[in-house]
Amino acid sequence: MARIGIFGAGWVGLVTGISFADLGHDVVVRDVQPDRIDALQHGRAPFHEPGLDEALERNDRRIAFTLDADDLAGCDALFVCVGTPPTYSGDADLSAVWTAIDELPAFDRRVVLVMKSTVPVGTGEKVRAALETRGLSHVGYVSNPEFLSEGRALDDFVHPDRIVVGAYAEEDGQAIEALYEGIDAPIVRTDVASAEMIKLAANAFLMTRISFINEIANVCEAVGADVTEVARGVGLDRRLGPHFLRAGIGYGGSCFPKDSLALKQLASNSGYHFQLLSAVIEVNELQKRRVIQKLQKYLGKLRGRKVALLGLAFKAGTDDMREAPSIVLASRLLAEGSEVRAYDPVARPGELLQGAVLCGSALEAVRGADAAVIVTEWPEFAGVLDPEYRDAMARPLIIDGRNMLDPAEARAAGFTYEGIGRQASSFAGLPETEEREAELRG
Ligand SMILES: NC(=O)c1ccc[n+]([C@@H]2O[C@H](COP(=O)([O-])OP(=O)(O)OC[C@H]3O[C@@H](n4cnc5c(N)ncnc54)[C@H](O)[C@@H]3O)[C@@H](O)[C@H]2O)c1
């Protein structure tokens, strides 16, 4: 068993640390936020992620938390799991990565620095060069990108589709591969630049599928097809598969928006215009705004209308508000002069939703509302078809931004319902004979 040090106690760092502790390794996680470390030292997870509290308790002897980077001395591998947010130019901001490297403790033997943060292709080369310049040639370097999804992060870590290990030196790649012993997944051993690119390309492809099905949904609306049926039929094609074919109000979160921009910038910095990715990003931006048009279709001007936003986190299962579509929606509605009443079971948006009224329950949010928009697919919103909700609303209008409700059930429950891409055609029978004859006569 190894001793593993981790920079960053965010989603990736904490889940990586706990999962390695579960595998039997000794782990020290270092963060720079005192409240985060304090919570962890008292056994409390600093954010909402299913299973995290239990996993912390289970591993309290094998995992330690610290603010002091020197406590990572003596580790065999040091994982960098710090944030890489976008800069104004759209490039990835690597300042936290460089700070972590500046803070590496002293080593008297070979250790491996492992990059788990999502970084531009070429970062490994730069870090390798910086290590050499600082006389740290005994520090190995491995790119080991992470693919977990928030909301099921612990499960994703132990049941990954693959583990990517890009190394300069064979012994370093082997050492990192060995840490994952006990996890049954294909290992992709490759060079560092390709490992970095695998992460960016995988995310870009997933976003492409989302924007693709969203555009299909928009065409479905125009021509009278139902995108959920279309996606089912398309997804059964084994060459395509069913994943990431759910139409909705667009992707958000801490990864997709920033990683797509970073890849687009990376390409353009190298002289290549990544047209497809540019379109994927633009489609996503427009998709978030289509809900406004749907509301206008039913309500006309939105000034003075009360709109309930059900769900604020960028997806169900997390309290992460980074780049959540709810932020764009709320600010567009407020700009139109609407009153926004918002509810999420776990996310606490704070200033991000300035101007909106935060409610303690979905029922409270829809009270007196002219429309309810399902923004995040929390299972509890299946309950909004209850007569209690319909009666509480000023108008029983639901815009289902996640297609989580059944349109027929919603209409039967007395709601005006509109999802995304679900204007299915229905043949209502030919007109009565006389009418028909008159029609044929022209
Ligand atoms: N969140 C995801 O679903 C996910 C999935 C795959 C990959 N990633 C990538 O992993 C990286 C981390 O993402 P995250 O969501 O965990 O970020 P996060 O913002 O939740 O956590 C990053 C943590 O690093 C800490 N930190 C900053 N500087 C530090 C330093 N010098 N030493 C130690 N800690 C430091 C921050 O205080 C913060 O707690 C990003 O590059 C992201 O793109 C994220």
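Which residue stands opposite Ile-163 in E8? I shall answer that shortly, after a word on the model.

This is a predicted model, in which local features need pLDDT of at least 70 and side-chain atom pairs count only at pLDDT 80 or more, while totals for chains, interfaces and linings use all residues. Residues are numbered from 1 along each chain as its sequence is written, and side-chain values use heavy atoms, with hydrogens and water left out.

To the question, then: the residue opposite Ile-163 is Ile-187 in E8. Helices (H or I, at least four residues) and strands (E, at least two) are DSSP runs, numbered from the N terminus. E7 and E8 are parallel and share four bridges; two strands pair if DSSP finds at least two bridges between them. On the E6 side, the pairing with E7 is antiparallel, over two bridges, and there Val-142 stands opposite Ala-167 of E7.

Strand E7 (residues 163-167) is mostly covered, with five of its five residues buried, that is, under 20% relative accessible area (exposed being over 50% and partly exposed in between, with a 1.4 Å probe and protein chains only). One face carries Ile-163, Val-165 and Ala-167, and the other Val-164 and Gly-166. In a regular strand, side chains alternate between the two faces of the sheet.

Let me now widen the view to the sheet. Eight strands make up an open, mixed sheet in the order E3-E2-E1-E4-E5-E6-E7-E8. Its edges are strand E3 (63-66) and strand E8 (187-190), each of which pairs on one side only. Strands E5 (residues 111-115) and E6 (residues 139-143) run parallel and are joined by five bridges, with Met-115 partnered by Ser-143 in E6.

Finally, I turn to a pair of helices. The axes of H8 (residues 192-223) and H9 (residues 227-235) come within 9 Å and cross at roughly 130°. Axes are lines fitted to C-alpha atoms, for helices over the stretch in contact, and angles run from 0 to 180 degrees between N-to-C directions. H8 is therefore oblique to H9, since angles under 35 degrees count as roughly parallel, over 145 as roughly antiparallel, 65 to 115 as roughly perpendicular and the rest as oblique. Contact (heavy atoms within 4.5 Å) is made by Ile-213, Ile-216, Ala-217 and Cys-220 of H8 and by Val-227, Val-230 and Ala-231 of H9.
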